[in-house]
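Trainee: I would like to learn how to read the interior of a protein model, beginning with its cysteines and moving on to its strands and core. Could you take me through it one feature at a time?

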Amino acid sequence: MGREPWRRVRTRRGRRAPRPVPQLTLLLIALLLPTALAGIGAQSAQALAPHRAPHRAPHGAPPPVLVPDTTVVAPSWPEADRVGALFVGGFGPGHHFCTAGVVPSPVGNLLLTAAHCIRSAQGVTFAPGYRNGSAPYGVWPVVRIFTTEGWTDRRDPDQDFAFLQVGPDGAGREVQSVVGANPLGLNAAFTAAVRLYGYGSRADVPLLCTNTTSRFGTLQRRVHCPSYPGGTSGGPWIDTASGAVIGVIGGYQLGGDTPDVSYSAYFDRTVARLYLDAQFHASVPPRVRRPLPGPADPPA
């Protein structure tokens, strides 16, 4: 599952990572986002500012019953429908290249994926709950990418995660107001049981598997779930106990060289800092937002 570049897989990102947030800004965020800060430094995973929205599925619908280490088509339910496919070159079958999921933010406009998935926001769109050529909730344009300096400067596999800011859809709606968001979890045990989601680049339905993760190296997770091909990069690892996202397919070997074993960078204070930075900058009104750097080179 060593996932080729761009469309066929786990790609790369594009813009220069934002500078570290000044201390004064962090204090401001602490005042505005106390629930987000609550999980940082915790000894176990904690959900960061969970949000839910009206959804066609029953509120608090129970998770599907799964056989461990078995990959199936994910059923439509709130958690799964907050996960979607990333598209480039137009929406439709054959144009999706990676997976992302909605995470909570004050404006309701942030996604989480793997940093190697996306190099430029130009022409990239997100369709949550995508199935068989249909976007049942709508399509949102990606407008900005947030990654760490460790990824930008060194392609550090322990920092292979990225937050994406999306603009409103054609009806002026923020994505979180439509499908809700799966909360972010920090410092979860390396042996957590997870639900693993992803869209294979040659398939038009989301995959789902559950299994228990293990530690790989110092700051990586590993899980055995069969038949996760290229395109599943960026797919969330959702802790079955807390419902929080504790990883994304990526990291070592850009997520794995075989379709049966996937990896993720460990979610600790590094992803928490990036998350706070993304929440803050994605919340600043356009009239005072700093100019973005020029567009990166288009994907090869």
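**Reading the interior**

Mentor: Let us begin with a pair of cysteines: C98 and C117 are both buried. Please keep in mind throughout that this is a predicted model.

Trainee: What joins C98 to C117?

Mentor: The general idea first: a disulfide is a covalent bond between the sulfur atoms of two cysteines. Here a disulfide joins C98 to C117, with an S to S distance of 2.1 Å. The pair ties together distant parts of the chain, since C98 belongs to strand 3 (residues 96-103) while C117 sits in the loop between strand 4 (110-113) and strand 5, 19 residues apart. The torsion about the S-S bond of C98 and C117 is about -80°, and the disulfide is therefore left-handed.

Trainee: How many disulfides does a search of the whole structure find?

Mentor: The search finds two disulfides, and the second is formed by C209 and C225, whose sulfur atoms are 2.2 Å apart. This pair also links distant parts of the chain, with C209 in strand 9 (residues 207-212) and C225 in the loop between strand 11 (220-224) and strand 12 (236-239), 16 residues apart. The link of C209 and C225 is left-handed, with -85° about the S-S bond. C209 has a relative accessibility of 0%, so it counts as buried, and C225 is likewise buried at a relative accessible area of 0%. When the bonded cysteines are counted along the chain, the disulfides follow the pattern 1-2, 3-4.

Trainee: Turning to strands, which residues point one way from strand 5, and which the other way?

Mentor: In a regular strand the side chains alternate between the two faces of the sheet. In strand 5, V124, F126 and P128 point one way, T125 and A127 point the other way, and all are buried. Because five of the five residues of strand 5 (residues 124-128) are buried, the strand is largely enclosed by the rest of the structure.

Trainee: In which sense do strand 2 and strand 5 pair?

Mentor: Strand 2 (residues 83-88) pairs with strand 5 in the antiparallel sense, over five bridges, and G84 has P128 of strand 5 as its bridge partner. Strand 5 is also joined by two bridges to strand 6 (residues 140-146), again running antiparallel, and there F126 stands opposite W140 of strand 6.

Trainee: Is V142, which is found in strand 6, buried or exposed?

Mentor: Burial is judged by relative accessible area, with under 20% counted as buried; V142, at 6%, is therefore buried. Leaving aside neighbours within four places in sequence, V142 is in contact with L86, I118, A121, V124, T125, L164, Q165 and V166. V142 and P168 are 26 residues apart in sequence, and their C-alpha atoms are 9.5 Å apart in space.

Trainee: Which residues touch the most other members of the largest nonpolar core?

Mentor: That core has 53 residues, of which L86, L111, L112, F163 and F267 touch the most other members. Helix 6 (residues 269-283) gives the most to this core, with six residues. Apart from this core lies another, of 12 residues, among them A188, A192, L207 and V223.

Trainee: With which residues is L111 in contact?

Mentor: If neighbours within four places in sequence are again left aside, the contacts of L111 are L86, A100, G101, V102, V103, F126, A162, F163, L164, V166 and V175.

Terms used: Residues are numbered from 1 along each chain as its sequence is written. This is a predicted model: local features need pLDDT of at least 70, side-chain atom pairs count only at pLDDT 80 or more; totals for chains, interfaces and linings use all residues. Side-chain values use heavy atoms; hydrogens and water are left out. A nonpolar core is a set of buried Ala, Val, Leu, Ile, Met, Phe, Trp, Tyr and Cys residues joined through side-chain atoms within 4.5 Å. Buried means under 20% relative accessible area, exposed over 50%, partly exposed in between (1.4 Å probe, protein chains only). Helices (H or I, at least four residues) and strands (E, at least two) are DSSP runs, numbered from the N terminus. Contact means heavy atoms within 4.5 Å. Two strands pair if DSSP finds at least two bridges between them. A disulfide is a pair of cysteine sulfur atoms within 2.5 Å.
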